Amino acid sequence: MRPDLVDLRGPLRHATFHDEARADLPEWIGHARALLAAAEGEHTALRARYEIVVATLRGLGDMYSADQLAREFFDTVTGDDTLTDLGILEDAVVLLGYGFGALIRNLTALNADDLCGWQRLLADKIDGLLDASPPANAMAHLLAMRARLALHTDMTASLESVPEDLPTVAEVTASVLEAVGAGEPVPALQTRSPLTDLDTAMNILLRLGPVRRIKG
């Protein structure tokens, strides 16, 4: 019986984030790619692409071998107007951040034009969903995602402003796991680069506050 993504996600992420299991990661990525090749539904395929790209970057150290999967993921999410699953949109926001982190470290062949284009299309898609006045829970989730897109580092800015001593992907992962294990806030990476649109982000966060009170 072929394992499904739920079966694979646990061991794939364990091998991605734990040194003692890292040697098994290529095998788990291979299983995930096999599942992707056999996926019958678009949602399963998208989630498999997401998991493979994240595992490749955070576990193997660069995104090159998964760049095409990232491209397919973003092209599908931003190009299919009927695809409005909030979980997949959340994955897209997260993966965009991973993509930029890989770009400034020269760990991907994707470029700033690729990532900025997907960022704009994703923002437009979320704006359209917000204009449809969704229920409070969905509204809060969409507003949070839209604010995070606006708070992404401005990918149109010169990469010359990025510090040369950025921590590696492995070092960032280790610091995040250490903070989570200690129950402390996850440390923020200070790159001194401008944000995409701080004014829009603040306005969206002002809208988010009343929605969260309604939810409660």
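In this tour, two residues are in contact when they have heavy atoms within 4.5 Å of each other. Helices are DSSP runs of H or I with at least four residues, strands are runs of E with at least two, and both are numbered from the N terminus.

Before you start clicking: this is a predicted model, where local features need pLDDT of at least 70 and side-chain atom pairs count only at pLDDT 80 or more, while totals for chains, interfaces and linings use all residues. Residues are numbered from 1 along each chain as its sequence is written, and side-chain values use heavy atoms, with hydrogens and water left out.

**The whole chain**

Show everything as a cartoon. You'll find 9 helices and 0 strands, so the pattern along the sequence reads α-α-α-α-α-α-α-α-α. The chain has 216 residues, and 44% of them count as buried (under 20% relative accessible area with a 1.4 Å probe, protein chains only; over 50% is exposed, and in between is partly exposed). Now switch on a surface. Its accessible area is about 11400 Å², with 53% belonging to carbon and sulfur atoms (Shrake-Rupley method, 1.4 Å probe). Among contacts with a separation of 6 or more, 69% join residues 24 or more positions apart.

**Stop one: H2 and H3**

Two packed helices are described by the angle between their axes and the distance between the axes. The axes are lines fitted to C-alpha atoms, for helices over the stretch in contact, and angles run from 0 to 180 degrees between N-to-C directions.

Select residues 25-38 for H2 and residues 42-60 for H3; they pack at about 160°, with their axes 9 Å apart. That makes H2 and H3 roughly antiparallel (angles over 145 degrees; under 35 is roughly parallel, 65 to 115 roughly perpendicular and the rest oblique). The crossing of H2 and H3 is left-handed, which means that the near helix is turned anticlockwise from the far one by less than a right angle (clockwise would be right-handed).

Turn on side chains here. From H2, pick Leu-25, Pro-26, Ile-29, Ala-32, Arg-33 and Leu-36. They meet Ala-45, Ala-48, Arg-49, Ile-52, Ala-55, Thr-56, Gly-59 and Leu-60 in H3. Colour this contact by class and you get 10 nonpolar, 2 polar and 2 charged residues (Ala, Val, Leu, Ile, Met, Phe, Trp, Tyr, Cys and Pro are nonpolar, Asp, Glu, Lys and Arg are charged, and the others, Gly among them, are polar).

**Stop two: along H5**

Next, select residues 86-104, which form H5, and pick out Ile-88. Ile-88 is buried, at a relative accessible area of 0%. Not counting residues up to four places away in sequence, Ile-88 touches His-43, Leu-46, Arg-47, Phe-73, Val-77 and Leu-83. Try a distance label from Ile-88 to Phe-73: their C-alpha atoms are 9.7 Å apart, with their positions 15 residues apart in sequence.

Gly-97 is in H5 too, and Gly-97 is partly exposed at 26%. For another label, Gly-97 and Leu-115 are 18 residues apart in sequence and 9.3 Å apart in space, C-alpha to C-alpha.

**Stop three: H7 and its partners**

Keep H5 on screen and add H7, residues 136-150. H5 and H7 pack at about 15° with their axes 10 Å apart, so these two are roughly parallel. Among the residues making this contact are Leu-89 and Val-93 of H5, and Leu-142 and Met-145 of H7.

Now bring in H6, residues 112-131, whose axis comes within 10 Å of that of H7 and crosses at roughly 155°. H6 is therefore roughly antiparallel to H7. This crossing is left-handed. The contact includes Ala-123, Ile-126 and Asp-127 of H6, and Leu-142 and Arg-146 of H7. By class, it has 10 nonpolar, 1 polar and 2 charged residues.

Is Arg-146 buried or exposed? Arg-146 is buried, with a relative accessible area of 12%. Beyond its neighbours within four places in sequence, Arg-146 is in contact with Ala-123, Ile-126, Asp-127, Leu-130, Thr-200 and Ile-204.

**Last stop: two loops**

Select Asn-106, in the loop between H5 and H6. Its phi is near 60°, a positive value in a residue other than glycine, and Asn-106 is exposed at 60% relative accessibility. Then jump to Ser-133, in the loop between H6 and H7. Phi of Ser-133 is positive as well, near 50°, and Ser-133 is exposed at 56%.
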